[in-house]
Structures are given as structure tokens and as C-alpha cells.
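Let's take a walk through this structure together, starting with the whole chain and then zooming in. Have the sequence and the 3D view open as you read.

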Amino acid sequence: MAADNILAMRLGPGKHLYGKTLAGGAVKGDEFDYFHDLVVAQEMVRANARGFQDGNMAGMVISLTAVRQWLNDDALKERITQECLSGQKKICLAITEAFAGSDVAGIRTTAVKSADGSHYVVNGTKKWITNGMFCDYFVTGCKTEKGFSVVLIERGEG
């Protein structure tokens with residue numbers, strides 16, 4: 001799916017497709033539009049494997065779009081995008097908690113700036129995160145001094 005740019009097409013039209021060969025050369029990345037997106041969605045449905053699609057792609061679609069929309073570091077944004085669209089790494093959206101369920105306003109996970117202000121210290125729990133067990137990046141909902149914030153966390157010790 002990565003080699004054929006199906007993962008990339010699932011994000012819909014955009015700059016992430018520019019320069020890519022799509023659908024075996026049937027369409028150029030910069031010409032891919034919402035009609036093509038509809039065709040991809042319909043072809044994915046033909047496999048009648050909704051669980052596979054959600055398990056393999058839904059977490060990426062809802063989390064990588066947030067990275068592409070709001071991450072201010074362009075180099076980091078492009079690195080993460082390419083790692084995920086190539087299938088080398090996986091990404092998920094980590095919002096849901098056992099205590100709050102889907103009530104995003106009720107989350108308890110906090111992100112507090114370190115004393116030197118160079119990073120956030122995140123404390124809390126997340127549950128029911130699609131692909132969370134083996135993802136490399138987590139787009140994580142947290143409470144900060146500014147209110148609700150989203151923090152990108154790379155898998156690592158601690």
C-alpha cells in the first residue's frame with residue numbers, strides 16, 4: 001500500500017502527493033482531486049475489509065492530517081509524513097482515556113513545561129487507541145496551562 005501510494009492517497013488531495021506516481025501512473029499527484037479520492041474510497045470498500053482498513057489506515061488518517069495542518073516545524077512535518085506514508089513508521093491519535101471515554105473535555109492527561117522550558121512533561125493514561133501498541137508517533141490530547149492542547153510524542157523510553 002505504501003509502495004503504490006495508497007496510504008498517501010487516503011489523506012486526500014494535497015501537497016503530500018506532489019511528485020508521486022498514483023494509481024500506476026493514471027493520475028499525477030498534483031492532479032489528484034476529490035473525485036479520485038472517491039474512487040480510492042470505493043475501491044477500498046470492494047475488499048469488504050472495514051476492520052483492516054480502519055486498523056491499518058484510520059489512525060494514520062486522523063493523526064497525520066493533524067500533523068500536516070498544525071505542526072510548525074516544516075522539516076519535522078515532512079520527515080514524519082514521509083516516514084508514515086512510506087510505511088516505515090506508524091502514527092496514531094491518542095485522545096481517549098478510561099476516565100473520560102470520548103468526552104474530550106474530561107481528559108486528565110497533562111502536559112507541563114519543564115523548568116527550562118525546552119520540553120513538556122506528559123502525565124496521564126490513554127486507552128482504546130487504535131494501533132497505539134505499536135505506533136512510533138502519538139498525536140496526544142493533553143491539558144496545558146493554555147487549556148486543551150495537542151502534543152506530538154515520539155515513542156521512547158518513559
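What follows goes from the overall layout to one helix, then to the core and a single residue before the helices begin.

Keep in mind that this is a predicted model. The chain has 158 residues, and 34% of them are buried. Its secondary structure comes to four helices and seven strands. Reading from the N terminus, you'll meet the elements in the order α-β-β-α-α-α-β-β-β-β-β. The C-alpha trace spans about 55 × 35 × 25 Å along its principal axes. If you take the contacts between residues at least 6 apart in sequence, 55% of them join residues at least 24 apart. As for the outside, the chain exposes about 9600 Å², with carbon and sulfur atoms supplying 53% of that.

Now find helix α2, which covers residues 34-46. From first C-alpha to last, its 13 residues reach 19 Å, close to the 18 Å expected. Which residues of α2 are buried? They are Asp37, Val40 and Met44. These three sit on the same side of α2, because they cover an arc of only 60° around the axis. That fits a general rule: an α-helix has 3.6 residues a turn, so residues three or four places apart point the same way. The cover over the buried residues of α2 includes α1 (6-9) and α3 (50-70). Turn to the face pointing away from that buried side and you'll find Phe35, Val45 and Arg46, which are exposed.

The two ends of α2 are worth a look as well. At its start, a side-chain oxygen of Asp33 comes to within 3.0 Å of the backbone nitrogen of Phe35. Just after the helix, Asn48 takes a positive phi of about 55°.

Next, step into the largest nonpolar core, a group of 21 residues. The members that touch the most others are Phe32, Met60, Leu64, Ile80, Leu85 and Ile91. Two or more residues each come from α1, α2, α3, α4 (74-85) and β6 (137-144), and α3 gives the most, with five. Try clicking on Ile91: leaving out residues up to four places away in sequence, its contacts include Met60, Leu64, Val67, Ile80 and Tyr137. There is also a second, separate core of five residues, among them Cys92, Ala94, Ile129 and Cys135.

Finally, go back to the segment before α1, where Asn5 is found. Is Asn5 buried or exposed? Asn5 counts as buried because its relative accessible area is 12%, under the 20% cut-off. Beyond its neighbours within four places in sequence, Asn5 is in contact with Lys20, Thr21 and Leu22.

Note on methods: Residues are numbered from 1 along each chain as its sequence is written. This is a predicted model: local features need pLDDT of at least 70, side-chain atom pairs count only at pLDDT 80 or more; totals for chains, interfaces and linings use all residues. Side-chain values use heavy atoms; hydrogens and water are left out. The expected span of a helix is 1.5 Å times one less than its number of residues. Buried means under 20% relative accessible area, exposed over 50%, partly exposed in between (1.4 Å probe, protein chains only). The arc is that of the directions from the helix axis to the C-beta atoms. Contact means heavy atoms within 4.5 Å. A polar contact is a pair of N or O atoms within 3.5 Å; within protein, one must be able to donate a hydrogen and the other to accept it, and residues adjacent in sequence count only if both atoms are side-chain atoms. A nonpolar core is a set of buried Ala, Val, Leu, Ile, Met, Phe, Trp, Tyr and Cys residues joined through side-chain atoms within 4.5 Å. Accessible areas come from the Shrake-Rupley method with a 1.4 Å probe; for residues, only the protein chains shown count as cover.
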